[in-house]
Amino acid sequence: MPVKSRDYAAASVGEIAGLLALAIVLVVACGCTPQAQQFVDKIRVESTEKCNEGNQAACHTIVQALSDTKVAIESTAPLETQTPACNAGKQDACQQLAVLHGELSSWCSMGNGQACAAVNTGPWPAKWDEPALIDAAKLTCLSGHFKPDSSTCQALQMM
């Protein structure tokens, strides 16, 4: 067999074996775990690693699969600045926190341990009427005071 043909044959067998291995991995991955959950697991591992390395933004990251194909990522970082603002009477801050609390509470009820920890530890405002603040946030999003692509308005669309 000429060298050129032998190299071609070896490459073809290697490519076929590679494609077959990839197909098996994809079938196993798709058959066992929804794509969204795989992505959630990956982001959670990465954010935990980054948090352990001192990246505070990663420490505040909470990820939730909303369906087999939809994933939401939320940050609890605003708690540190918005809670004092809400306690001082700033309504926008209270509305944003109420939506965040409602969203995280929902995720907690779906078994998201990170969301449960955030809901249980806060810091959340001292006194508030969460349902009324969520309703006010909806109106604020509709009026354009909160930008439609803000995390508050996007969370309201999914709640």
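This is a short talk on the disulfides, the nonpolar cores and the strand hairpin of one protein chain.

Hi everyone, thanks for coming. Please keep in mind throughout that we are looking at a predicted model.

Let's start with the cysteines. How many disulfides are there? The count comes to four. If you number the bonded cysteines in sequence order, the pairing reads 1-2, 3-4, 5-6, 7-8. I'll walk you through three of these links.

Take C51 and C59, which form a disulfide with their sulfur atoms 2.0 Å apart. Which hand does it have, right or left? The torsion about the S-S bond is about 100°, so this disulfide is right-handed. As for its surroundings, C51 has a relative accessible area of 25%, and since buried would require under 20%, C51 counts as partly exposed. C59 is also partly exposed, at 30% relative accessibility.

Next come C86 and C94, again joined by a disulfide with an S to S distance of 2.0 Å. Here the angle about the S-S bond is 105°, and the link is right-handed. Both of these cysteines, C86 and C94, are buried.

My third example is the disulfide between C141 and C153, with 2.0 Å from S to S. The value about the S-S bond is -100° for C141 and C153, a left-handed link. And what does this pair tie together? C141 sits in helix 7, residues 130-143, and C153 in helix 8, residues 151-158, so the disulfide connects parts that are 12 residues apart in sequence. C141 and C153 are buried.

Now to the interior. As a general reminder, nonpolar side chains in soluble globular proteins tend to be buried together. In this model the largest nonpolar core has 24 residues, and those that touch the most other members are I62, V99, L104, W107, W124 and L156. Where do its residues come from? Helix 4 (78-87), helix 5 (91-109), helix 6 (113-121), helix 7 and helix 8 each supply at least two of them. Helix 5 gives the largest share, eight residues.

If you'd like one residue to zoom in on, try L156. Setting aside residues up to four places away in sequence, L156 touches V99, I134, A137, K138 and C141. There is also another core, lying apart from the largest one, with five residues that include V40, I43, V63 and A65.

That brings me to the strands. Strand 1, residues 61-65, has five of its five residues buried, so it is largely enclosed by the rest of the structure. T61, V63 and A65 point one way from strand 1, while I62 and Q64 point the other way. Strand 1 runs antiparallel to strand 2, residues 71-75, and five bridges join the two. They make a hairpin with five residues between the strands. To pick out one bridge, T61 is partnered with S75 in strand 2.

I'll end with E74, which lies in strand 2. E74 is buried, yet it has no salt bridge. How far away is the nearest side chain of opposite charge? That side chain is R44, at 13 Å from E74, whereas a salt bridge would need a distance within 4 Å. So which residues does E74 contact, leaving out its neighbours within four places in sequence? They are H60, T61, I62, L100, E103, W107 and S151.

That's my tour, thanks for listening!

Notes:
Residues are numbered from 1 along each chain as its sequence is written. This is a predicted model: local features need pLDDT of at least 70, side-chain atom pairs count only at pLDDT 80 or more; totals for chains, interfaces and linings use all residues. Side-chain values use heavy atoms; hydrogens and water are left out. A disulfide is a pair of cysteine sulfur atoms within 2.5 Å. Buried means under 20% relative accessible area, exposed over 50%, partly exposed in between (1.4 Å probe, protein chains only). Helices (H or I, at least four residues) and strands (E, at least two) are DSSP runs, numbered from the N terminus. A nonpolar core is a set of buried Ala, Val, Leu, Ile, Met, Phe, Trp, Tyr and Cys residues joined through side-chain atoms within 4.5 Å. Contact means heavy atoms within 4.5 Å. Two strands pair if DSSP finds at least two bridges between them. Lys and Arg count as positive and Asp and Glu as negative; His and the chain ends are not counted.
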